[in-house]
Every structure is written in structure tokens, then in C-alpha cells.
Amino acid sequence: MGKDIEVGAEHGGGKDYQDPPPAPLIDVEELGKWSFYRAIIAEFVATLLFLYVTVLTVIGYKSQSAADQCGGVGILGIAWAFGGMIFVLVSLVRAVLYMVAQCLGAVCGCGLVKAFQKAYYVRYGGGANELSDGYSTGTGVAAEIIGTFVLVYTVFAATDPKRNARDSHVPVLAPLPIGFAVFMVHLATIPITGTGINPARSFGAAVIYGKDKAWDDQWIFWVGPFVGAAIAAIYHQFVLRAGSSKSFGSFKSSY
């Protein structure tokens, strides 16, 4: 154990990760950087591909199961489509413009599905999220809150630099647990809301589908994810992160 401490001290002074100073709320200088716009374009393209593949999967499943109840990929396949695309496309999200880019990408992705599969798209609901029959709005909101909490909590846990510094000997491929979180949430909530957990996904499908039902329930897919994400952020920052920092500090002081 003594050797471990010496090695740690040699490379990092035996210190835990220190958070960088907070970034300004509005960084005007960033508007002049190509990296900023490149990241926004990446968000747009990633969300476009995400909605194109996943909504096409949903519509394909509905069209196949209409003729044969055992046909199509099933709920498990749909969940894999959403989780698998997150594994491939996951990236950082930067405030409002990222949200705008995601919403525009979602609209374009759903637009491509409608352009290529218009008959099936209209007949099988356009992959739009809506509250399933037999469930109350409270149940729908709760499902979206819990589902988003699981997803955002996993994102924080998998990408936290403090955890990475503390557990650097345990390699973590962040998109993998995030993708599995999306997969598990879809398995649980597809029967209730069709699974939103990302307002851009629900917004894009509603815009292109354009039916009243898709818009009637739209607020669920904004309120639920925002509340769930906020709870996950508070829980991670003030419970898990603070607790792990104290316990790690006491562990070090014992040596």
C-alpha cells in the first residue's frame, strides 16, 4: 500500500481531482470559435441520424406486426435501436443552441422518414410519442421523470472527471453504459409513453406528424425530462459527488 501512495504522490501529488473554475454563464468569445459551431453541427447531424433510425424502426415494427403479431423487431428491438444509436452518437450538450440544433435535427430526421415511407409513416403514427390508453397523465409524467433521471444519472456517473481521476485504474467507455441506460428505460416506458426522455425526440416527431394527439401530450415530454434531469443533477452533485469526495479524502488521510 505504501508503494501505491508513493506512486500516486510522484505523479499527482496524491491529490484528488480538483474542479476547474466555473465557466461564465454567457461566453461571448465562444461565438467566434469554429469549434463551437462545429459542435452544434455535430449535435444536429447526430440527432437527425438518431431520429431517422429509431423512428423508422418504430414504424417498421408497427407495419410488420399489423400483418403478423409475431412479426417485426418487437419492443426489445426498438429499445436496442434507441440504445444502440446513443452508443454510437453520444456527445456533450452545450446549453440552448445545442437544444435548438437537436430539435432541428429531430425534425429533419423525421422528415426523411416521412419522405421515404410516407404511407407507413401516416398510417402508424409517425413514431410520435403519446400517452397510451389506460394510463393517467400523472403516470406518464412520472415515467418520463424516472426514465430521464436514470439516463442523466448514468451520463454524469460515466463522464464525471472526478470519478475518472479517482478510479483511473478502471477504464469506462462512457457511451456503453449510457446506451444500456437508454435501452433499459425504453423497455420500461415504451408501453406507457412510447419513451421520450429527450424533448427533441418528441418535438421532431410531433412537428412532422402534425396530428392533435401528438401535440396534446407534448408537454409531458418536456416537463418530465427537465424535472428528471434536474433531480439527477442535484443528486449527483450534492449527494454522490460530495460524499465520494469526503470518503476518498478520509481514506487518504488514514495513510
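## Packing of α6 against α8

In this predicted model, helix α6 contributes T139, G140, A143, E144, G147, V150, L151, T154, V155 and A158 to a contact with helix α8, where the partners are P177, I178, A181, V182, V185, T189, I192 and T193. By class, the residues of this contact comprise 11 nonpolar, six polar and one charged.

Two packed helices are described by the angle between their axes and the distance between the axes. Here α6 spans residues 137–159 and α8 spans residues 175–193; the angle is about 175 degrees and the axes lie 9 Å apart. The pair is therefore roughly antiparallel, since an angle over 145 degrees counts as such.

The unreviewed UniProt entry annotates residues 36–59, 71–90, 96–116, 137–158, 178–198 and 219–238 as "transmembrane region". Two of these stretches are set out below.

| Residues | Helix | Strand | Distance between end C-alpha atoms |
|---|---|---|---|
| 137–158 | 100% | 0% | 31 Å |
| 219–238 | 95% | 0% | 28 Å |

For the protein as a whole, the secondary structure consists of 11 helices and zero strands. The order of elements from the N terminus is accordingly written α-α-α-α-α-α-α-α-α-α-α.

Among contacts in the protein with a separation of 6 or more, 81% join residues 24 or more positions apart. Of its 255 residues, 37% count as buried. The exposed area of the protein is about 14,200 Å², and 66% of that area comes from carbon and sulfur atoms.

Conventions: Residues numbered from 1 in each chain as written. Predicted model: local features only at pLDDT ≥ 70, side-chain atom pairs only at ≥ 80, totals over all residues. Heavy atoms only, no water. Axes fitted to C-alpha atoms, helices over the stretch in contact; angles between N-to-C directions. Helix = DSSP H or I, 4+ residues; strand = E, 2+ residues; numbered from the N terminus. Parallel < 35°, antiparallel > 145°, perpendicular 65-115°, else oblique. Contact = heavy atoms within 4.5 Å. Nonpolar A, V, L, I, M, F, W, Y, C, P; charged D, E, K, R; others polar. UniProt positions renumbered as here; feature names shortened; annotations may be inferred. Buried < 20%, exposed > 50% of the residue type's maximum accessible area, 1.4 Å probe, protein only. Areas by Shrake-Rupley, 256 points an atom, 1.4 Å probe, with all protein chains shown as cover.
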